[in-house]
Amino acid sequence: MLISDYLNNPKLKLIEQLAIEDKDNFTAHRNAAAELLFGKGVHKRMWSNAKILREGVLADPALNKQGLHLFRYAFSTYAAMHRSNHPEFLNNGHVRVNNFLPTDKHLLVQSECNTFPICINKQGFNNCHRHSNANPGIEYLLNTSGMEKIITDCLGIDTPETTALYKKNTFVQRVENIPNDGDEQKDIHSDIFFPAAKWWYFPDKVELGDGPFRFQTSAPKYDHLFWDWLYRESVDITAGSWDQDKRRGHIEGSFRVTQQELLDMNVTVSPITVEANTLVVANVQLFHGRGDSTRAHVRNAIHGSIRVKFPFLVL
């Protein structure tokens, strides 16, 4: 279902269909659709990767009632459809590569990860680029394995910006997963309104009891149920009437979704177990979340993310 159908706007539908079908003139169709919905002089922040609906033009309740957030979600997705060289990244939500590294390199990375401190977030002390000289397995994974190419093919963008983000954001992540620890990353959510990549190279096997990541395993359903949920959440946030149980990540643009809402939208989110030596590249526009473990467990991964600055461009 197109957003023009959801908004019951026949004039928009003609332009939206052209934006989907005509890659060469996508930007012109995108701009025409925005002008039709929101008038001339659309604020440039609308075309950025900004996601917080409590700041600037994105926080305008009237514009969101006109469909601003739906427009940004839909047209950034159309741009990604024109770019991506891995359809399964958009259609299935993730790309998985088993037995990714040669055995000797896999064993090196497996050993090297254990020399880093337990830490969920990127820091100077766990950045892979910074510490690659002292860790030949990680150096091979980062620079020679082809991991970067798979990621940029998923996004359909390979530029100095993506190279810089790849080096800056790839790090040794060691998650200490404790049952029922209240970790808000265990709430199912969408990171951002446009297709963006996060990746995990798992040197070790991840089983159900370890709290594997949960990803959306049903195909994206851009139907009335989904658009209605997204529209309601964006309007409620900008009106200040959002569900406080969804916590701070929700109003920061990483929309949280309840189990009942997933059921209502017929969306399935499943734990993704992996064998050792597996690379997973996920589209974190779709629903996902960290899994809860049945026992205290440390999960090692080489992890990173790329969110481009201008997600509405077709390169």
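**Figure 1. Strand E8 gives the largest share of the lining of the largest pocket, three residues.** Welcome to this predicted model; we begin with its largest pocket, which has a volume of about 460 Å³. Its lining is made up of 19 residues, and those that lie nearest the centre are Ile-120, Asn-121, Gln-173, Lys-198 and His-303. Four elements give two or more residues to this lining: strand E2 (171-177), strand E3 (197-202), strand E7 (288-289) and strand E8 (297-306). What classes of residue make up the lining of the largest pocket? They divide into 10 polar, five charged and four nonpolar residues.

**Figure 2. The second largest pocket holds about 200 Å³ of space.** Lys-198, which we met in the largest pocket, appears here too, in the lining of the second largest pocket. Other residues to look for in this lining include Lys-51, Glu-184, His-189, Asp-191, Arg-248, Glu-252, Arg-256 and Arg-307. Gln-185, Gly-249 and Ser-254 are also among the lining residues. By class, eight residues of the lining are charged and four are polar, with no nonpolar ones.

**Figure 3. The largest nonpolar core has 86 residues.** Which members of this core touch the most others? They are Phe-71, Phe-75, Trp-199, Trp-227, Val-281, Phe-287 and Ile-302. Helix H5 (residues 68-83) supplies the largest share of the core, nine residues. For a closer look at one member, pick out Ile-302. Setting aside neighbours within four places in sequence, Ile-302 is in contact with Val-109, Cys-113, Cys-128, Ile-138 and Leu-141, among others. Its contacts also include Thr-170, Phe-171 and Val-172, together with Trp-199, Trp-200 and Tyr-201.

**Figure 4. Strands E2 and E8 run antiparallel and are joined by seven bridges.** Along this pair, Arg-174 stands opposite Asn-300 in E8. Is E2 mostly covered or mostly uncovered? E2 is mostly covered, with six of its seven residues buried. A handy general point for reading this view is that side chains in a regular strand alternate between the two faces of the sheet.

**Figure 5. Pro-117 sits in the loop between helix H7 (103-113) and helix H8 (136-143).** Follow the chain to Arg-174, 57 residues apart from Pro-117, and the C-alpha atoms of the two are separated by 7.3 Å. Pro-117 is in contact with Arg-174 and Phe-125, leaving aside neighbours within four places in sequence. Pro-117 counts as partly exposed because its relative accessibility is 41%, a value between the 20% and 50% limits of that class.

**Figure 6. Helix H8 turns several buried residues towards its neighbours.** The buried residues of H8 are Gly-137, Ile-138, Tyr-140, Leu-141 and Leu-142. What do these buried residues pack against? Their partners are H7, helix H9 (147-155), helix H10 (160-169), E2, E3 and E8. In general, an α-helix has 3.6 residues a turn, so residues three or four places apart point the same way.

**Figure 7. The largest cavity has a volume of about 150 Å³.** It is one of two cavities of 30 Å³ or more in the structure. Of the 20 residues that line the largest cavity, Tyr-73, Phe-226, Trp-229, Gln-285 and Phe-287 are the closest to its centre. H5 and helix H11 (224-239) each contribute at least two residues to the lining, and the largest share, three residues, comes from H11. Sorted by class, the lining has 13 nonpolar, five polar and two charged residues.

**Figure 8. The second largest cavity has a volume of about 40 Å³.** Phe-287, seen in the lining of the largest cavity, is also one of the residues that line the second largest cavity. Gly-93, Phe-215, Gln-216, Ala-282, Asn-283, Leu-286 and His-288 are among the lining residues as well. Strand E4 (214-216) and strand E6 (278-283) each supply at least two of them. This lining divides into four nonpolar and four polar residues, with no charged ones.

**Figure 9. Asn-99 has a positive phi although it is not a glycine, and so does Asn-266.** For Asn-99 the angle is about 50°, and the residue lies in the loop between strand E1 (94-97) and H7. Asn-99 is exposed because its relative accessible area is 62%, which is over 50%. For Asn-266 the angle is about 60°, and this residue is found in the loop between helix H13 (259-264) and strand E5 (269-271). With a relative accessible area of 47%, Asn-266 is partly exposed.

Definitions and conventions
Residues are numbered from 1 along each chain as its sequence is written. This is a predicted model: local features need pLDDT of at least 70, side-chain atom pairs count only at pLDDT 80 or more; totals for chains, interfaces and linings use all residues. Side-chain values use heavy atoms; hydrogens and water are left out. On a 1 Å grid over the protein atoms alone, a cavity is a set of points where a 1.4 Å probe fits but cannot get out, and a pocket is an open set with protein on both sides within 12 Å along at least five of seven lines; lining residues have an atom within 4 Å of a point. Grid points are joined across faces, edges and corners, and a volume is the space filled by probe spheres set on the points. Ala, Val, Leu, Ile, Met, Phe, Trp, Tyr, Cys and Pro count as nonpolar, Asp, Glu, Lys and Arg as charged, and the others, Gly among them, as polar. A nonpolar core is a set of buried Ala, Val, Leu, Ile, Met, Phe, Trp, Tyr and Cys residues joined through side-chain atoms within 4.5 Å. Buried means under 20% relative accessible area, exposed over 50%, partly exposed in between (1.4 Å probe, protein chains only). Contact means heavy atoms within 4.5 Å. Two strands pair if DSSP finds at least two bridges between them.
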